[in-house]
Amino acid sequence: MRIVTWNVNSVRARAERIGAFLDRSDVDVLAIQELKCKDAQFPAHVFEDRGYEVAFHGLNQWNGVAVASRVGLDDVEVGFEGVPGFGDDDQVEARAISAVTGGVRTYSLYVPNGRELDHPHYAYKLEWLAQLRNEALVRLEQDVPFVMCGDFNVAPLDEDVWDMAAFEGATHVSQPERDAFNGLISAGLTEVTRQFTPGPGVYTFWDYQQLRFPKKQGMRIDFQLASPSLAERATGAFIDREERKGKGASDHAPVWVDYQL
């Protein structure tokens, strides 16, 4: 089963590209982040016309997550137990959705950015990741295969950014963020992509500004974290850098993993 995670940075703006990607990529399950639309605006036809069932969750022009599957889509869950909210109204944002796809619970996750180290959004990010770890522990106790896919907005290793000096005093590389990410690993999950796509210089995101993509100044922040029974069945992974090229591209590349089930 081929599972792909992709921050599309606006599902409506990228609808044509997403359809073309599905046509050529033999994807079984696609976890999508940063929809940037309400549910009523979601272009479900892009998936349904190609034989995919799709579950999505969007509240406004920010955030938003979805899971599309051609191998079944059951027991859809929006968010997860304990997920924190943000802002004066403590609103739970549209950052997590999961469903059982072909016997595997697939999560699509859009972890908060954090913004700045002294910003309330940073504390929110760390709490969000802590609660996600609790969710992982509950799933691990159930002993069912699952994978947490998405844009984690954390670069776990120094080699995951083009220049650590450029990130001094910034988010994504701070030790608390890395500790929170590694908390998912210590809980029992395996980040399955790196063994097949080793770095340095292997990135999944390149900012639109300052010609980051042609300068090869990227970040590795999109991952698939699999439960033990699923991780051992991973047979290959691929970061589709070509999808970052051309007119109308997202600033993230799709990240593929093949599992032998």
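**A tour from one strand pair to the whole chain**

Begin by selecting residues 146-151, strand β8, together with residues 222-226, strand β10: the two pair in the antiparallel sense over five bridges. The model on display is a predicted one. Within this pair, select M148 and look across to β10, where L225 is its bridge partner.

Next, extend the selection to the sheet that contains both strands. It is an open sheet of six strands with mixed pairing, and its order reads β5-β6-β7-β8-β10-β9. Which strands stand at the edges? They are β5, residues 74-78, and β9, residues 190-191; each has a single partner strand, so one side of each is left without a neighbour in the sheet.

Now colour the chain by secondary structure. Five helices and 12 strands make up the assignment.

Then show the C-alpha atoms alone. Along the principal axes they fill a box of roughly 45 × 45 × 40 Å. The radius of gyration is 17 Å, which agrees with the value near 18 Å that a compact globule of 261 residues would have.

Add the contacts between residues at least 6 apart in sequence: 71% of them join residues at least 24 apart.

Turn on the surface as the following step. The chain exposes about 11000 Å², of which carbon and sulfur atoms supply 47%. Of the 261 residues, 57% count as buried, where buried means under 20% relative accessible area.

Finally, select the charged residues. The chain carries 26 positive and 40 negative charges, and the mean positions of the two sets are 7 Å apart.

Methods:
Residues are numbered from 1 along each chain as its sequence is written. This is a predicted model: local features need pLDDT of at least 70, side-chain atom pairs count only at pLDDT 80 or more; totals for chains, interfaces and linings use all residues. Side-chain values use heavy atoms; hydrogens and water are left out. Helices (H or I, at least four residues) and strands (E, at least two) are DSSP runs, numbered from the N terminus. The radius of gyration is taken over C-alpha atoms; the globule rule is 2.2 Å times the number of residues to the power 0.38. Buried means under 20% relative accessible area, exposed over 50%, partly exposed in between (1.4 Å probe, protein chains only). Contact means heavy atoms within 4.5 Å. Accessible areas come from the Shrake-Rupley method with a 1.4 Å probe; for residues, only the protein chains shown count as cover. Lys and Arg count as positive and Asp and Glu as negative; His and the chain ends are not counted. The place of a charge is taken as NZ of Lys, CZ of Arg, CG of Asp or CD of Glu. Two strands pair if DSSP finds at least two bridges between them.
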